[in-house]
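Got your viewer open? Take this as a short walk through the structure, one selection at a time.

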Amino acid sequence: MINRLKILYELQMIDDQLDELEELRGDLPHAVEELQMQIKSLEEETEKKEIKRKESLEKREENEEEIEKLKANQKKFKAQLYQVRNNKEYDALTKEIDNSEVQINKLEAENNALADLSKSLANEIEEIAPKLKDLKEELKIKEAELKEIIKSNEKEETKLKEKRNQVVEQTKKPDYAAYMRIRKAKRGKAVVTIRRSACSGCHNIVPSQRQLEIRRNNKLFFCEYCGRILVSAEVAGLAE
Ligand SMILES: [Zn+2]
């Protein structure tokens, strides 16, 4: 039984060291993720604006062609005006000419609006560009920093992980499940010792009868306040 407790304490010590390595990375992993998200969103925004701009350009070209056609027709109608034989024909032609005029004006107004839109989209895209560049620069720096930290601890981390695997293999499945559950709930510490008659996890006093039982090292005891696994100083000493 004492071996079972010792293994749990060993696991805790290894995880403590792995947590320390993780802490060295500090805010960097989060910062990198955050920057990647910002960049992605700006890139998407730029892309959307570029598509909109392209569409407006295409529409303008379409309108331009239509205007050319209308103007050609108008010219034709105007020429025909000299050959009319009666009022009815004259009226019909002037009506056609007026209609094309209205349409040409409409399309030209639309094109002016589209040109304005295109211009403001171009401005917006231009405004995003330096922001995007800065963010990418920042990301590059942060990624390099993070990579450096990871690299400098790589060996230690690999060694610890290997050791951890070995210890996990020796741990009883229900013990490991309990350990992981508590570790997750308590953000790290799942196995603790008694220090000055108190649980070193939550600092609540452990009743002396319970302390006595724990010192026998023949059962898994949980702190009645925080739920952590309590082991004796002897177990901790063995593991260290
Ligand atoms: Zn406790």
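Is S56 buried or exposed? Select S56 and switch on a surface to see. S56 is buried, because its relative accessibility is 3%, and the cut-off for buried is under 20%. Keep in mind as you look around that this is a predicted model.

**Stop 1: around S56**

S56 is found in helix α2. Now show what touches S56: leaving aside neighbours within four places in sequence, S56 is in contact with L114, L117 and S118. Colour those three residues and leave them on for the next stop.

**Stop 2: along the helix to N63**

Stay in helix α2, which covers residues 28-80, and pick N63. N63 has a relative accessibility of 3% and counts as buried too. Which residues does N63 touch, not counting those up to four places away in sequence? They are L107, E110, N111 and L114. You have already met L114, since L114 is also on the contact list of S56.

**Stop 3: zoom out**

Now fit the whole chain in the window. The protein chain has six helices and four strands. Starting at the N terminus, the elements come in the order α-α-α-α-β-β-α-β-β-α. The radius of gyration is 39 Å, well over the 18 Å that the globule rule gives for 240 residues, so the chain is more spread out than a compact globule. Turn the C-alpha trace about and you can follow its span along the principal axes, about 125 × 35 × 30 Å.

A few whole-chain values go with this view. Of the 240 residues, 32% count as buried. The chain exposes about 16500 Å², and carbon and sulfur atoms supply 49% of that area. If you colour by charge, you will be looking at 48 positive and 50 negative charges, and the mean positions of the two sets are 7 Å apart. As for contacts between residues at least 6 apart in sequence, 73% of them join residues at least 24 apart.

**Stop 4: the sheet**

Switch to a cartoon and find the strands. What is the order of the four strands in the open sheet? Reading across, the order is β2-β1-β4-β3, and the pairing is mixed. At the edges stand β2 and β3, each with a single partner strand, so one side of each is left without a neighbour in the sheet.

Select β1, residues 191-195. On one flank, β1 pairs with β4 (residues 229-231) in the parallel sense, over three bridges. Pick V191 and look across: its bridge partner in β4 is I229.

Next comes β2, residues 198-199, which runs antiparallel to β1 and is joined to it by two bridges. Show R195 and you will find A198 of β2 opposite. Then show I194, whose bridge partner in β2 is C199. β1 and β2 form a hairpin with two residues between them. One residue to click in the turn is R196, which has a positive phi of about 45 degrees.

**Stop 5: two loops**

Go to the loop between α4 (173-185) and β1, and select R187. R187 has a positive phi of about 50 degrees although it is not a glycine. Its side of the story on the surface is plain: R187 is exposed, with a relative accessible area of 81%.

Now jump to the loop between α5 (208-215) and β3 (221-222), where N217 lies. What is phi of N217 near? The value is near 55 degrees, which is positive in a residue other than glycine. N217 counts as buried, at 6% relative accessibility. Flip between R187, which is exposed, and N217, which is buried, to see both cases.

**Last stop: L238 and I2**

Finish in helix α6, residues 233-239, by selecting L238. At 47% relative accessibility, L238 counts as partly exposed. Which residues is L238 in contact with, leaving aside neighbours within four places in sequence? Look for I2 and K6. Draw a distance line from L238 to I2, C-alpha to C-alpha: these two are 236 residues apart in sequence and 9.3 Å apart in space.

Technical notes
Residues numbered from 1 in each chain as written. Predicted model: local features only at pLDDT ≥ 70, side-chain atom pairs only at ≥ 80, totals over all residues. Heavy atoms only, no water. Rg over C-alpha atoms; globule rule 2.2 N^0.38 Å. Buried < 20%, exposed > 50% of the residue type's maximum accessible area, 1.4 Å probe, protein only. Contact = heavy atoms within 4.5 Å. Areas by Shrake-Rupley, 256 points an atom, 1.4 Å probe, with all protein chains shown as cover. Lys, Arg positive; Asp, Glu negative; His and termini not counted. Charge placed at Lys NZ, Arg CZ, Asp CG, Glu CD. Pairing = 2+ DSSP bridges.
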